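Reader: I'm new to this one. Can you walk me through the structure?

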Amino acid sequence: MKLICIGRNYTDHIAELKNERPVEPVVFIKPDSAVLPKQQDFYIPEFSSDVHYEVEVLVKIKKVGKHISEEFAPTYYDEISLGIDFTARDLQSALKEKGLPWEKAKGFDGAAVIGKWLPKHKFEDLNNIDFDLKKNDEVVQAGNTSLMLWKIDEIISYVSRFFMLKKGDVIFTGTPAGVGKVSANDYLSGSLENEEIFTVKIK
Ligand code: ZN
């Protein structure tokens, strides 16, 4: 199982990191070992002093496919969730500056939180889902999937040109503005349309 992540998919987050607006989706992969086991606390790794949360809508792939057209993309997923793409921002900035790959900053153990899965038919319109992340009960990120530069079906079509999608793969669709640092004893919770999807304690 692989985690396929889209970067720079919300204009407001592109502006906050002073990144350029991409002409094609920014894609990276996290290994399956990055998944934070359910109910487990997140431990800030010793190699970073600036780990950021990035709340993202998730899509679970249900069958094998490659070169999937946008039209048929909906037949490749039935479930939606919310998660966190934890990022060692200090390490990522240093690697970006040197033009080196980001994997160490994004793919470390525990760097991917995956919430509970909801059937997609629960949502009237997948391109209009509200979601938010609270840190210590205060909303720090709030987004709506209508603000994505590339929508779910476009992402599936695009990434399947490069990577064969397999059953169980998870797509992280990018984060809106409001990313920030986590500290020991923080408590994060994420919601889709006001339904709590995950909680994580930071250690
Ligand atoms: Zn992200």
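Reader: What is the radius of gyration, and what would a compact globule have?
Author: The protein has 16 Å, which agrees with the value near 17 Å for a compact globule of 203 residues. The radius is taken over C-alpha atoms, and the globule rule is 2.2 Å times the number of residues to the power 0.38. This is a predicted model: local features need pLDDT of at least 70, side-chain atom pairs count only at pLDDT 80 or more, and totals for chains, interfaces and linings use all residues. Residues are numbered from 1 along each chain as its sequence is written, and side-chain values use heavy atoms, without hydrogens and water.

Reader: How many helices and strands?
Author: There are 4 helices and 14 strands, as DSSP runs (helices H or I, at least four residues; strands E, at least two) numbered from the N terminus.

Reader: What share of the residues is buried?
Author: Buried residues make up 51% of the 203. Buried means under 20% relative accessible area, with a 1.4 Å probe and protein chains only.

Reader: Which residues have the most contacts inside the largest nonpolar core?
Author: They are I80, F86, I156, L188, L192 and F198, in a core of 47 residues. Such a core is a set of buried Ala, Val, Leu, Ile, Met, Phe, Trp, Tyr and Cys residues joined through side-chain atoms within 4.5 Å.

Reader: Which element gives the most to this core?
Author: α4 does, with 5 residues.

Reader: And what does I156 touch?
Author: Leaving out residues up to four places away in sequence, I156 touches V59, I61, I68, A73, Y77, L165 and I171. Contact means heavy atoms within 4.5 Å.

Terms used
Buried means under 20% relative accessible area, exposed over 50%, partly exposed in between (1.4 Å probe, protein chains only).
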